Amino acid sequence: MDSFTLLPLTIDEASKSLTALPSASPIPDLASNLAELNALHRNLLQFDAAIPPPPGLINPKRSAQINKLRESGNAAFRKQTFGEAKKLYTLALDMCLTRPHWEQSGLVREEAAMIYSNRAQANIAMRNWAEGMCDAEMSCGLKPKDNVKAWYRRALCLKEMNKLEDAREILEMGSEWEAENAGKTDGDLRALLRDVLKAIEDKEKASA
Amino acid sequence: MGLNLATFIPPILYLVVIVGSMATFSSIYRKRKAQAAASMEPWFPPSLSRDVYLTLLHLPDTPNPPKIPDSVIRTALLRRATDVIQKAITIRQSKAPLQTLLQRGSVGDDTWTQFLQAEQEIDAEIKEVAEDAMALSTQNAQWAQFIFQTAAEMITNDRLRQKLEEQKLKSQEWSEWWSKKTEKVRSEFLASEGVEDLVQGTSVNPAIVLTSTVPTKAGHVSDEDGVLVEAEASSPLTPKESKSSKSTPVSTPSSTPAGSVRRKKGRK
């Protein structure tokens, strides 16, 4: 393991980006690998000596911006301009998902789960059931616990799309995850589950 | 005296033969073992990030060397660290299962030796990276203390984004399925309302209206109508309609959500 392959590399003086010299036997993936390296290098230049800080240190500017976008999204939602709210949530989401990768992934999960859940609500208000379902699903996937609203919205969209069995499954899964909050915040989930079960029954009766 | 010497010869000869044969055996055995180890297939494919990093370090030795700034070398080291951590995780995760397989005899001894060798190599590489990070630290940042933390976080983040991308593709399937369904219901509604002339006469019309309005605000109105109609229409047109509203014609990605969540749950 004490040997390595000397690669035909050179550096562009102006842009400080590495490139592979043309060689007779080109190495597969070298170009893409170098491209990733150069992109990371450009991002790291913002730090002193290009050393990224430990994951716990977060750039507060971006967090503030995300929060602001989300808040204005909420405001737009309250004003019933749902399209506007959705647009703002989407912007916030973009900001959140493009966080640099050396920052805590837990934070991305937390933020994205919340924004997805909000956007699901906006989609529901506009009766975009499929999109609402997908957003809520994202939210549940990112943060299954303590996320009653997302579970509820996901099941609601499924119910509206007449996918009753799926809605039931999601509701059961949701109440499993929210077992700790049973009796406190999961009232909506139970009510919806009752509705769905009733709808399934009705459907069976109608088809029988 | 001469008699004495003659009596000593057999035991000495015996010793020489024994020691000699043992020495030859051990040298041959070791040589074979070394050969086997050398010819062993490496556990991991050669690491490109390691090659890049080491090449950067060795570039000054080549004729007319380009000047490599430290920041580039640090970036290369960080990328190497992520690769090493990735491998270390793989090793740690596969050690216990491999051990059980070995005990059951499902896996040969050579695989196990190969695995142990890979483990040692990874340990050595981690040490190497830590030392280099120490050398590249500044006064303000003792990089060796957190380079692996950063690297591990980068891996987690990469995986998270990948998962999200996959999920997005699935979501698109859902949206397509739903818009197809609403479109179908709507055209059936138009047909049942006796607007066939319009549909057939200017057959392009409803399609254009639908596709152009689905994503905008007007679209949801039509969606709503579609759902209502479906409920009503299902009784008169029973067999065909109720079937189609269930799942048959357009493939439904119905069971996908449950699976994805479970996977995420397991990873956590």
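Begin by selecting both chains: 64 residues of chain B and 69 residues of chain A take part in the contact between them, contact meaning heavy atoms within 4.5 Å. This is a predicted model, in which local features need pLDDT of at least 70 and side-chain atom pairs count only at pLDDT 80 or more, whereas totals for chains, interfaces and linings use all residues. Residues are numbered from 1 along each chain as its sequence is written, chains are lettered from A and ligands numbered from 1 in the order in which they are written, and side-chain values use heavy atoms, with hydrogens and water left out.

**The interface**

Chain B and chain A bury about 5,900 Å² between them, and 67% of that area lies on carbon and sulfur atoms. Buried area is the accessible area (1.4 Å probe) that two parts lose on being put together, summed over both.

Next, select B:Arg79 and A:Glu36. These residues form a salt bridge, with their closest N and O atoms 3.3 Å apart; the term denotes a side-chain nitrogen of Lys or Arg within 4 Å of a carboxyl oxygen of Asp or Glu. The rule finds one salt bridge across this interface.

Now display the helices of chain B. On the side that touches chain A, α2 (48-58), α3 (70-104), α4 (109-135), α5 (143-192), α8 (217-233) and α10 (256-267) each supply at least two residues. Helices here are DSSP runs of H or I with at least four residues, and strands are runs of E with at least two, numbered from the N terminus. The largest share of that side of chain B, 20 residues, comes from α5(B).

**A buried leucine**

Move to A:Leu142, which is found in helix α5 (residues 129-142) of chain A. A:Leu142 is buried, with a relative accessible area of 2%; buried means under 20%, exposed over 50% and partly exposed in between (1.4 Å probe, protein chains only). Show its surroundings: beyond residues up to four places away in sequence, A:Leu142 touches A:Arg109, A:Ala112, A:Ala113, A:Tyr116, B:Leu160 and B:Leu164. The C-alpha atoms of A:Leu142 and A:Glu111 are separated by 9.4 Å, although these residues are 31 apart along the chain.

**A hairpin in chain A**

Finally, select strand β1 (residues 9-12) of chain A. A:Leu9 and A:Ile11 point to one face and are buried, while A:Thr10 and A:Asp12 point to the other and are not. Add strand β2 (residues 17-20) of chain A, which runs antiparallel to β1(A) and is joined to it by four bridges; strands pair if DSSP finds at least two bridges between them. A:Leu9 has A:Ala20 as its bridge partner in β2(A). Four residues lie between the strands of this hairpin, where A:Lys16 takes a positive phi near 55°.
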